[in-house]
Amino acid sequence: MVMPAGASPILLVLLLCRVAPSKQEPASVQLRLAGPRGPAGEGRLEVLYQGRWGTVCDDGFDFHVATVACRQLGYTAAITWTHSATYGQGEGPIWLDNVRCGGSESSLAECVHNGWGTSDCHHGEDAGVVCSGQLLPGGSPQAISSDHLGEVLGLSLEEVRLKPLLARAKMSMPVMEGAVEVKHNGRWRQVCDAGWTRSNSRVVCGMLGFPREKHLDTSFYRKLWNKKLKDPNSNLKTLSQKNSFWVHRVRCRGTEPHLSRCPTEVSPPAPHQHACPRGMHAIVSCLPGPAFQKGTGKGRSKTPPGKALPVRLRAGTHAGEGRVEVLRHGQWGTVCDKQWDLAAASVVCRQLGYGTAKQALLGAQMGQGLGPIHMSEVRCTGHERSLGECRFQDAEQSGCRHEADAAVRCHIPNMDFKSQVRLAGGRSPDEGVVEVLVPVQGQLQWGTVCGAQWGLNEAMVVCRQLGLGFASHALQETWYWAGSPDASQVVMSGVRCAGTELALQQCQRHGPIHCPSGGGRFSAGVTCTAHAPDLVMNAQLVQETAYLEDRPLELLYCAHEERCLSGSADHMQWPYGHRRLLRFSSQIHNLGRADFRPRMGRHAWTWHQCHRHFHSIEVFTHYDLLTLNGSKVAEGHKASFCLEDTNCPEGLQRRFACANFGEQGVSVGCWDTYRHDIDCQWIDITDVPPGSYTFQVVVNPKHEVAESDFSNNVMRCQCKYDGQRVWMHGCHTSDAYGADVVNDLERRERLANNLV
């Protein structure tokens, strides 16, 4: 290194210290995620320093920085990071720039950076992060959890299990009856039956995923216990005399979500006193919910009588979790998270046939609903059989919005389904050839699934069974993935799932295997993902914008080329005449937790010269006009769509646009609007006679792109056409109303038109 003439070594050292970024003295800082209320664990990264919130510049930002930030925020890991103010531009100072972390730091303040407030960035360069949805204990308060309540009164009751003692109990799956064992400070202990109550059993069953306990006569178990005490080959007598073998006493009210919430004595209160004198281990028997009873997998729990409000869970990644929705006044709606807690969440879980709640989730962590918000400030004691029996306020009075929709994660029984399926040959653990364990000639054998007729519903069941979330792709050919050598035979074919099953083995399938393609390269495969989009049509907008137009043929050449007119248009004397069009606007919201992206890459998009843009998905919606008996009388030949963010909520920037061969898709929380006055946004009803009809729109009809919930993809309206005017009323998504309301609407229409 050449020293400038006249420069002293001391001055040079000072200059180097001034310009070189160095590891700063760790400061006491807090982090938060800001921007539009999207899925939990993602947003613009903001730092609280010297009492002011500021942002982080994306210069030099990388995955290591995101990992440190996510861990500091209370999440287990980072999924990715974003640049260029993806989550909107922040305000105030830009505290950090050129941040560099090794990945092992406990705080962002320990990483190398330019210095606090030293930056040449603007807020258009604000960085964001996407963290894994799993929170570390003591992490973000967006979830109230029952999994780490064991520190009550200094105890650490980490797990509970039932040890089956009888042959029938050992063969049962799930295990529903046995001796209660509690894991305390890493060691399993028996629980003394002295003072054991049915309320204790109710709490234990709830933790194990069962909605109710069963009355049990323990006299046979007492005889078995006494017999083992007298058996010289058994060490039970020696073990039972040690206090470390026992949890001395548990006293539950029956409303607790976790055994650690109950007053517990691990050891006797008096020194040198033996735990559980003359007692034995507590025995519990539980009743499973309908979905977990033998021979079923699609069962729905019956709604209890009384003030019962039917409930359902939507958009959950795994079984027993999702956004809470209740049916009031014939319409499904959400629950506001004000005062939402484990007691209320546990009532929901038990009502649906699960156990108590693992987590009461706040802030629309399972996506935002669409429609009414029915309940707020729900207060439950824990003994209610239905959420409708709890005290609550109407949400109109509380000012709640869908950004505060409540959700739950419930305890579910261990069915051991995960061990009956696996993925092989993929580049990562969440993709590969589907291999299943099924009985073949009386013996359990691993094998593949025939790829013929394999679709997203079947793939969804596999991903859920493995605990990997949703299916993003269902593959009928897997020649590029090498399966396991011990699973080369096709053992399942003709698989047909509803999509709600808990295991592939519960789906319909062929008796004798019939796979003409022979498996091998034509074996079924899946790719799974933790989050998925969820498209829902705005039914109210359709109802408000519908009208008729007699459009001259000379203006319909492009639409005719794209097959947006009925077949009779081919036989007209172009350009003379007109077509009668039922026009309307459609607004399609993405309420899921991932962007909706076309399945095809840009190289496969189709250029439409007439309309001068690329179409990224061939059939995105079907528009149909049906008779009240369900026969189709007209359809909108909507050939294809261009997907983009027409609008987004305040603070969320549009990321997808069709212009200039731009990226196509619909971002989380945004919507794609097709105005009534653009080509093909109609149904051609030129040949339709006057009468009463059902107008129907189906979004993503071929399930080309995976969604977390396909049940809300259909929108229907009652439609009256008198030959000159049209009236649209009662528009709703297919899952927005209860079955009774829908049946009543259809019955009235049929009676009004003398249809049986």
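**Contacts, strand pairing and buried sites in the predicted model**

Among contacts in the protein chain between residues at least 6 apart in sequence, 71% join residues at least 24 apart. The model is predicted. The protein chain holds eleven helices and 43 strands, and buried residues account for 53% of its 756 residues.

Helix 2 covers residues 63-73, and its buried residues are Val65, Ala66, Thr67, Val68, Ala69, Cys70 and Leu73. The packing partners of these buried residues are four strands: strand 2 (30-34), strand 3 (42-49), strand 5 (78-82) and strand 8 (128-131). At the N-terminal end of helix 2, Asp62 acts as a cap, with a side-chain oxygen 3.2 Å from the backbone nitrogen of His64. Just after the helix, Gly74 adopts a positive phi of about 105°. Helix 2 is thus described at both ends, by the cap from Asp62 and by the positive phi of Gly74.

Val56 belongs to strand 4 (residues 52-56). Val56 counts as buried because its relative accessibility is 0%, where the cut-off for burial is under 20%. Not counting residues up to four places away in sequence, Val56 touches Leu45, Val47, Phe61, Ile94, Leu96, Val99, Glu125, Asp126 and Ala127. Asp97 lies 41 residues from Val56 along the chain, while the C-alpha atoms of the two are separated by 6.2 Å.

Two further sites were examined in the middle of the chain. Gln331 is located in strand 20 (residues 331-335). Its relative accessible area is 26%, so Gln331 is classed as partly exposed, a class that lies between the limits of 20% and 50%. Gln331 and Asp735 are 404 residues apart in sequence, and their C-alpha atoms are 8.9 Å apart in space. Ser386 is found in the loop between strand 22 (373-379) and strand 23 (391-394). With a relative accessible area of 0%, Ser386 is buried. A polar atom of the Ser386 side chain lies 3.1 Å from the backbone nitrogen of Leu309.

The cavity search gave one cavity of 30 Å³ or more. The space in the largest cavity comes to about 40 Å³. Its lining is formed by Gly254, Thr255, Glu256, Ala343, Ser346, Val347, Arg350, Thr356 and Gly382. Sorted by class, this lining contains two nonpolar, five polar and two charged residues.

Strand pairing was examined next. Strand 25 (residues 421-425) and strand 26 (residues 431-440) are paired in the antiparallel sense, with five bridges between them. The connection from strand 25 to strand 26 is a hairpin of five residues. Within this pair, Leu423 has Val434 of strand 26 as its bridge partner.

Strand 33 (residues 578-583) has five of its six residues buried, so this strand is largely enclosed by the rest of the structure. Strand 33 pairs with strand 32 (residues 547-552) in the antiparallel sense over six bridges. In that pairing, Glu549 is bridged to Leu581 of strand 33. Strand 33 is also joined to strand 40 (residues 682-684), by three bridges and in an antiparallel arrangement. Here Leu582 is placed opposite Ile683 of strand 40. Strand 33 therefore combines five buried residues out of six with antiparallel pairing to strand 32 and to strand 40.

Ser586 is placed in strand 34 (residues 586-590). The relative accessibility of Ser586 is 1%, and the residue therefore counts as buried. Leaving aside neighbours within four places in sequence, Ser586 is in contact with Met537, Leu541, Tyr623, Asp672, Thr673, Tyr674 and Gln681. With Gln681, the side chain of Ser586 makes a polar contact of 3.3 Å.

Notes: Residues numbered from 1 in each chain as written. Predicted model: local features only at pLDDT ≥ 70, side-chain atom pairs only at ≥ 80, totals over all residues. Heavy atoms only, no water. Buried < 20%, exposed > 50% of the residue type's maximum accessible area, 1.4 Å probe, protein only. Helix = DSSP H or I, 4+ residues; strand = E, 2+ residues; numbered from the N terminus. Contact = heavy atoms within 4.5 Å. Polar contact = N/O pair within 3.5 Å; in protein donor to acceptor, adjacent residues only side chain to side chain. 1 Å grid on protein atoms, 1.4 Å probe; cavity = no way out; pocket = protein on both sides within 12 Å on 5 of 7 lines; lining within 4 Å. Points joined across faces, edges and corners; volume = space filled by probe spheres on them. Nonpolar A, V, L, I, M, F, W, Y, C, P; charged D, E, K, R; others polar. Pairing = 2+ DSSP bridges.
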